Amino acid sequence: MTETSLYLIQQLINGLTIGSTYALIAIGYTMVYGIIGMINFAHGEIYMIGSYVTFIVIAGLMSMGLVSLPIVLLIALIIAIITSSTYGWTVERVAYRPLRGSNRLIALISAIGMSIFLQNFVVLSQGSRDVALPPQISGGWTFGDPSVFEVSFSYMQLLIWLATFLTMAGLTLFISKSRMGRACRACSEDLGMTNLLGINTNKIISMTFVIGAALAAIAGLLLGLYYGVVNPFVGFMAGLKAFTAAVLGGIGSIPGAMLGGLILGVTEALTSAYFPSEYKDVVAFSLLVLILLFRPSGLLGKPEVEKV
Amino acid sequence: MSKIYNAIFAAGITFVLACLMIGVKLNTEGTTLTVSGASGEQWSWIVGGIVLVFLAQLFADRIDTLFGKLPKPKIGALLPAEEKRATLKPWLLAALIVGLLVWPFMVSRGAVDLATLTLIYIMLGLGLNIVVGLAGLLDLGFVAFYAVGAYTYALLSQYFGLSFWACLPIAAGLAATFGFILGFPVLRLRGDYLAIVTLGFGEIIRILLNNWTALTGGPNGISGIEKPTLFGLEFTRRAKEEGNVPFHEWMGIDYSSSYKVIFLYLIAVILMLFVVYVINRLTRMPIGRAWEALREDEIACRSLGLNRTIIKLSAFTLGASTAGFAGAFFAARQGFISPESFIFIESAIILAIVVLGGMGSQIGVILAAIVMTILPELAREFSEYRMLLFGLLMVVMMRWRPQGLVPMKRPHLELNQ
Amino acid sequence: MSQLLLDVNGLTMRFGGLVAVNGVNLSVKNRQIVSIIGPNGAGKTTVFNCLSGFYIPSDGSVMFKGEQIAGLKDFQISRKGLVRTFQHVRLFSKMTVIENMLVAQHRHLNTNLLSGLFKTPSYRRLQDEAMDRAAYWLKEVDLLEFANREAGNLAYGQQRRLEIARCMVTQPELLLLDEPAAGLNPNETKELDELIIQLRDEHEISVLLIEHDMGLVMGISDHIYVIAQGTPLADGTPDEVKNNPDVIKAYLGEE
């Protein structure tokens, strides 16, 4: 194989890795939007908190002398999910529930306020500088001719792919089979009607925030390990990207969020392969604007019919 | 019983929120990452917080009734009666303007400098108020237009030697053009999409400024930007241009660097008054009514032959041009600009000003801008809490007083019978 | 034969697989009151949405004053002189009555920013004219004394009348009224009845009406179209429609 095609394969692998974590975060946006029709601006911060908790737990357990990596990771995952979910739940209770039914603009401003608050809360409690965790999972496979270009696929990347796949499969099963999942789908069809049918919609909305936050925590753990660095500002950009992914796939649609995340990740990786990497953000946002203009319902979303 | 259960639950939630994120600190030691517990003082804060939440939940209804009994402040009652106000208004206005113009000669340089900064935020707040308050469009990338204005003046002055006064309308016009180009496609979108797209646009502009090093100087920015002149008179010790006389020589007085500061302040006052006048007129014009109507019922507007895209676009463009205006002045005052000045946080601060003041209310926005720029200066030891409080303020305001401190009172047009 | 003011042929509206309106034809002549009736959910409001440009019809032609308007934007159609009201009152409730009337005249005002900033003579003149027109129509619907009141504070019947006045001030040739008598008491309905006839006879406009109040429809219509399940069922003068066996069946069900 030629150098170009090997290079392309490498970028594809990197892109799918980042893309699958975007997809995990994007599901939080899409589920909340599907039910209450609102962008949860603070969702990116929940992801960032997930990363911090992962770092805290790993560093804590390591200093206590626990060395078995799978156990450490499992404990970190559980604690990150619990903490992030609690944040997600609290955000909904404090900033969104009291405003349900009021003007959209007002709810949106409250959401932005919450995002700014959480970001600065972490700046104050953990400092604004990068926190670095030494690589926990190293090594991987390489293939291709070393004299031309060597494609590497690390164990970490494999872990991200597997974890994302399992999470998505679990979520799909939950939404389609369980009672809660059914109630959830009913809410996104017609919130008011579901309420009339005697289902506690407040509970369902809270649960949506909790599930979204849990997925963001998983993404926080995976990306934290992958990059090995976290700071209080990573949530802002990741949140924007994940939202773009959700819109790209069709906001409100869970498979759409998955597809959107992967497409966005690959697009970014290909952009940074041929242009200065700063421009990948420009490309992502331009993509967002273009989709909204030409296909506002996204790739898999249902077009909205305006009620007059 | 359920009350106690609720209170315990809330306290538990608070504990989960706080124990790791506040209670444990991450430290980097060489290449390893270690953790340490927070100081005893911080833990006592955490415990205090948990107890507070527990008690607040336990006595929630009693606290609510207590708050219900508190008299609501009536700002309207403090003002004189309607007819009296009408006769008083021109006098008050005149006194205020004279005060604004005379005041800087009596105070310190630092105070005048701070006042100039406040005036910039007032202009930005008023500009965003057109978009958010009057037209009801949430623009989260407002700072991008501010940046366009600032870089327009900086670059035109650096490359073509154009003066501040020539660049002022160009900067406003260019910012408006950017607003138009961005707004035309995206204003058809729903409100929350608009918020995200403008946020993305703000980031794009910042990234471009940071990376287009050949033109913008990248992260190093542009320095040595010319200061404005008074009909060609410079405020430097010696004239930079051949044959030019500096202001102090022309006046026949001794050189003082505070003349320049006061002069900049006076320009800011004039620009601010201009912006206030224009917006004041706009709210009384057909376009101002159309903004309000569109906010109330878009479908009715369309059925009456109003082109919503054009009407929203006019608000978006006017807001952008105000930011461009303020940006050009900002560049001239600082003499140095870099992408650092145009990050998302700036947009958020301007939005907080509009929200605190009262969406749509001009007086409210002006007061909020003064409070928001002067308070952090007065309470410097709390400056690290500034953004935290801004975020909190936005949530709290939306929950308890979404109309802001000074709710908007739109001038009603009356039919004389 | 005089030219038709509105001529609709084969109007069809599909939402995905659902056919909400199927091959509806209707025509309105100058100075005519035409009604569309039919059971609930028959697709009457969808027809209105298609005519006024809120939906783009999937198929069929809509000729207004001899010009194809299907596919035009809502505000463009309204500017051509085809203006509608809504089933639920849609006023700018925080604005005063007179301001509601001025918003409707937006495009007749001088909206040039500079003229507005400096209050040029042309700006003042157009504003005065708009005020006069607004006052005239408020008088016609008996709301002049409420001109400076907030629209949201008016009684329901008054809000309905204001909505019609607000349409009229845009100087339309065809007025589409979507259930104007809904929620009105018999007295108010009678006033509305007179107002609609007055619009036709004195102001020489045509009215296309959706209405459930059969007394009102039969009393004032020059021509009636019946739609059931999105398809045209019958049409004719009130007497013809009243005695049409298909119509009776659709309303009363099979015997």
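Let's start with the domains of chain B. The centres of domain 1 and domain 2 of chain B are 40 Å apart, taken over C-alpha atoms. Keep in mind that this is a predicted model. The assignment puts domain 1 of chain B at 2–69. Domain 2 runs over 90–400.

Now chain B as a whole. How far does its C-alpha trace span along the principal axes? About 85 × 80 × 50 Å. The secondary structure of chain B is 18 helices and four strands. Chain B has 417 residues, and 43% of them are buried. Next, contacts within chain B. Take those with a separation of 6 or more. Of these, 75% join residues 24 or more positions apart.

On to the interface between the chains. How many residues does each chain bring to the contact? Chain A brings 52 residues, and chain B brings 47. Let's look at the chain A side. Six elements of chain A each supply at least two residues there. The helices are α2 (43–63), α3 (69–96), α4 (104–126), α9 (234–249) and α11 (279–294). Then there is β1 (131–132) of chain A, also with at least two residues. Which element gives the most to the side of chain A that touches chain B? That is α4(A), with 17 residues.

And the chemistry of that side? By class, the side of chain A that touches chain B has 39 nonpolar residues. Another 10 are polar, and three are charged.

To recap: in chain B, 40 Å between the domain centres. At the contact, 52 residues from chain A and 47 from chain B. And on the chain A side, α4(A) gives the most.

Key
Residues are numbered from 1 along each chain as its sequence is written. Chains are lettered from A and ligands numbered from 1 in the order in which they are written. This is a predicted model: local features need pLDDT of at least 70, side-chain atom pairs count only at pLDDT 80 or more; totals for chains, interfaces and linings use all residues. A residue is buried if 20 or more other C-beta atoms lie within 10 Å of its own, exposed if 12 or fewer, and partly exposed in between; C-beta atoms are placed from the backbone. Two residues are in contact if their C-beta atoms, placed from the backbone, lie within 7 Å. Ala, Val, Leu, Ile, Met, Phe, Trp, Tyr, Cys and Pro count as nonpolar, Asp, Glu, Lys and Arg as charged, and the others, Gly among them, as polar. Domain bounds come from an automatic or database domain assignment.
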